[in-house]
Amino acid sequence: MLKEFQEFIAKGNVMDLAVGVIIGGAFGLIVNSLVGDIIMPVVGAIFGGFDFSNYFLPLSSEVTATSLEAAKEQGAVFAYGNFITVVINFLILAWIIFLMVKMVNNLRRKLEKEKAPAADAPPPPDVQLLTEIRDLLAKR
């Protein structure tokens, strides 16, 4: 069983997946920082400092607090503001990832175009000469 486990771990796909998960986690931290520390403060400044995270509806008459954390301690609340904040963060994150994937795809296309031989390039001189000879012989 130990040998089978070693073979499983040694497969390239498992190691690639592990590296992808680690890089993905690090990338997630970068994107969260970008959204939370750079983009959301700008969005807040544009829209007058909106902070949806404290928007809630009390589901009990005992809830009288004005902040979400205090209201949760008093009883059940419908915290729709936090949901709105998470959806906005998701949309911003998805847009950033879309732009990054688009940039990488454009770069790949550019590299593939450079690697592919030019189709409009003139043939080498000897091929051109042989083509002319063939055409002359075909006319006779």
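Where is E62 found in this structure? E62 is found in the loop between β1 and α3, the helix of residues 68-74. The model described here is predicted.

**The loop residue E62 and the nonpolar core**

E62 counts as exposed, because its relative accessibility is 59%, and exposed residues are those over 50%. Along the chain, E62 and G75 are 13 residues apart, and their C-alpha atoms are separated by 6.8 Å.

The residue that follows in number, V63, has a nonpolar role in the description of the interior. The largest nonpolar core has 6 residues, including V63. The other members of this core are F56, A65, L68, A71 and V77. When residues up to four places away in sequence are not counted, V63 touches F56, P58, A71, Q74, G75, A76 and V77. As a general background, nonpolar side chains in soluble globular proteins tend to be buried together.

**Aromatic rings and the surface patch**

The structure holds 3 aromatic pairs. Ring pairs link Y55, F78 and Y80 into a cluster. Y55 is found in the loop that lies between α2 (12-46) and β1 (57-58). Y55 is partly exposed, because its relative accessible area of 32% falls between the limits of 20% and 50%.

Y55, F78 and Y80 also belong to a nonpolar patch on the surface. The remaining members of the patch are L57, L59, F83, I84, V87, F90 and L91. Together, the residues of the patch have about 970 Å² of accessible area. Helix α4, which covers residues 80-115, provides the largest share of the patch, with 6 residues.

**F52 and M40**

F52 is another residue in the loop between α2 and β1. With a relative accessible area of 23%, F52 is partly exposed. Leaving aside neighbours within four places in sequence, F52 is in contact with G81, N82, I84, T85 and I88. One of these contacts, I84, is also a member of the nonpolar patch. F52 and I9 are 43 residues apart in sequence, and the distance between their C-alpha atoms is 45 Å.

M40 has its place in helix α2. M40 counts as partly exposed, with a relative accessibility of 23%. Residues up to four places away in sequence being left out, M40 touches V35, I88, N89 and I92. M40 and I88 are 48 residues apart along the chain, while their C-alpha atoms are separated by 9.3 Å. I88 is thus named among the contacts of M40 and among those of F52.

The following table sets out the C-alpha distances.

| Residue pair | Separation in sequence | C-alpha distance |
|---|---|---|
| E62 and G75 | 13 residues | 6.8 Å |
| M40 and I88 | 48 residues | 9.3 Å |
| F52 and I9 | 43 residues | 45 Å |

**The salt bridge**

How many salt bridges does the structure hold? The structure holds 1 salt bridge. D135 forms a salt bridge with R134, and the closest N and O atoms are 3.2 Å apart. D135 is partly exposed, with a relative accessible area of 36%, whereas R134 is exposed, with a relative accessible area of 52%.

Conventions: Residues numbered from 1 in each chain as written. Predicted model: local features only at pLDDT ≥ 70, side-chain atom pairs only at ≥ 80, totals over all residues. Heavy atoms only, no water. Phe/Tyr/Trp six-rings, centres within 6.5 Å; stacked < 30°, edge-to-face > 60°. Core = buried A, V, L, I, M, F, W, Y, C linked by side-chain atoms within 4.5 Å. Buried < 20%, exposed > 50% of the residue type's maximum accessible area, 1.4 Å probe, protein only. Contact = heavy atoms within 4.5 Å. Patch = residues over 30% accessible without salt bridge, like charges linked within 9 Å, V, L, I, M, F, W, Y side chains within 5 Å. Areas by Shrake-Rupley, 256 points an atom, 1.4 Å probe, with all protein chains shown as cover. Salt bridge = Lys/Arg side-chain N within 4 Å of Asp/Glu carboxyl O. Helix = DSSP H or I, 4+ residues; strand = E, 2+ residues; numbered from the N terminus.
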